[in-house]
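Ready for a short walk around a protein? Open your viewer, keep the selection tool handy, and follow along one stop at a time.

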Amino acid sequence: MPATIGTVFLLLCLLQIKHMFADYYLQTPKMLSGRGTYLHMGRAQHAAVHVVGSVIIFALFRAPVEFILIIAALEWIVHFHIDFAKASYSDKKQLQPNQAAFWRAAGLDQCMHNLTYIAMAWAWATFAA
């Protein structure tokens, strides 16, 4: 699939929709509890859910298998660490939803994920399209 402005926007839209489902509909209690611990299996599984969604999207865009494997590994690492940073900060500060700092941390987390998708779309347009 050629990397036109339209296909890049479509790719970004699909990654955003995938992110919404993975973050807000597909998280299990195991994925949500104890996230301030670095080696947290639930967070690893949550990052894997994101990766599966991205793999499907990039396959639909006919990206080469090698590209998909690399982007999947990188997304898992980045997503895992963005979520860990937010969770450990939120735990350390004992943030609650009624505090502005909680929402700033949540907003920064989402912004970092969005920037990740922009980088992934750039990589697809540059190396895989």
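**Stop 1: two charged pairs**

Select Glu-75 and Lys-18 to begin: their side chains meet in a salt bridge, with 2.9 Å from N to O. Glu-75 belongs to helix α4 and Lys-18 to helix α1 (residues 5–24), so this pair ties together parts that are 57 residues apart in sequence. Glu-75 and Lys-18 are both buried. Keep in mind as you look around that this is a predicted model.

Why might such side chains meet at all? Side chains of opposite charge can pair when their charged atoms come close.

How many salt bridges are there by this rule? The count comes to two. For the other stop of this kind, select Arg-35 and Asp-83, whose side chains form a salt bridge at 3.0 Å, N to O. This pair links distant parts of the chain, with Arg-35 in the loop between α2 (29–32) and α3 (41–60) and Asp-83 in helix α4, 48 residues apart.

Buried or exposed: what is Asp-83? Asp-83 counts as buried because its relative accessibility is 2%, where buried means under 20%. Arg-35, at 12%, counts as buried too. Now show what surrounds Arg-35: leaving aside neighbours within four places in sequence, its contacts are Gln-27, His-40, Arg-43, His-46, Asp-83, Phe-84 and Ala-87.

**Stop 2: a histidine in helix α4**

Stay in helix α4 (residues 65–93) and select His-79. With a relative accessibility of 3%, His-79 counts as buried. Which residues touch His-79, apart from its neighbours within four places in sequence? They are His-19, Asp-23, His-46, Ala-47, His-50 and His-113.

**Stop 3: two helices crossing**

Next, colour α1 and helix α5 (residues 100–128). Two packed helices are described by the angle between their axes and the distance between the axes. Here the axes of α1 and α5 come within 10 Å and cross at roughly 140 degrees. The crossing of α1 and α5 is right-handed. Show the side chains at this contact: on α1 they include Leu-11, Leu-15, His-19 and Asp-23, and on α5 they include His-113, Tyr-117, Ala-121 and Trp-124.

**Stop 4: a nonpolar patch**

Switch to a surface view and select Ile-17, Met-20, Phe-21, Tyr-24, Tyr-25 and Leu-26. Together these residues form a nonpolar patch on the surface, with about 640 Å² of accessible area. One member, Met-20, lies in helix α1. At 32% relative accessibility, Met-20 counts as partly exposed.

**Stop 5: the loops**

Move on to the loop between α3 and α4, where you can select Pro-64. Pro-64 counts as partly exposed, at 33% relative accessibility. Add Phe-127 to your selection: Pro-64 and Phe-127 are 63 residues apart in sequence, yet 9.4 Å apart in space, C-alpha to C-alpha.

Arg-62 is also in the loop between α3 and α4. Look at its backbone: phi of Arg-62 is positive, near 60 degrees, and the residue is not a glycine. Most residues other than glycine have a negative phi. Arg-62 is exposed, with a relative accessible area of 59%.

Where should you look for Gln-94? Gln-94 sits in the loop between α4 and α5. Gln-94 has a positive phi of about 50 degrees although it is not a glycine. Your last selection counts as exposed, with Gln-94 at 62% relative accessibility.

Terms used. Residues numbered from 1 in each chain as written. Predicted model: local features only at pLDDT ≥ 70, side-chain atom pairs only at ≥ 80, totals over all residues. Heavy atoms only, no water. Helix = DSSP H or I, 4+ residues; strand = E, 2+ residues; numbered from the N terminus. Buried < 20%, exposed > 50% of the residue type's maximum accessible area, 1.4 Å probe, protein only. Contact = heavy atoms within 4.5 Å. Salt bridge = Lys/Arg side-chain N within 4 Å of Asp/Glu carboxyl O. Patch = residues over 30% accessible without salt bridge, like charges linked within 9 Å, V, L, I, M, F, W, Y side chains within 5 Å. Areas by Shrake-Rupley, 256 points an atom, 1.4 Å probe, with all protein chains shown as cover. Axes fitted to C-alpha atoms, helices over the stretch in contact; angles between N-to-C directions. Left-handed = near helix turned anticlockwise from the far one by under 90°.
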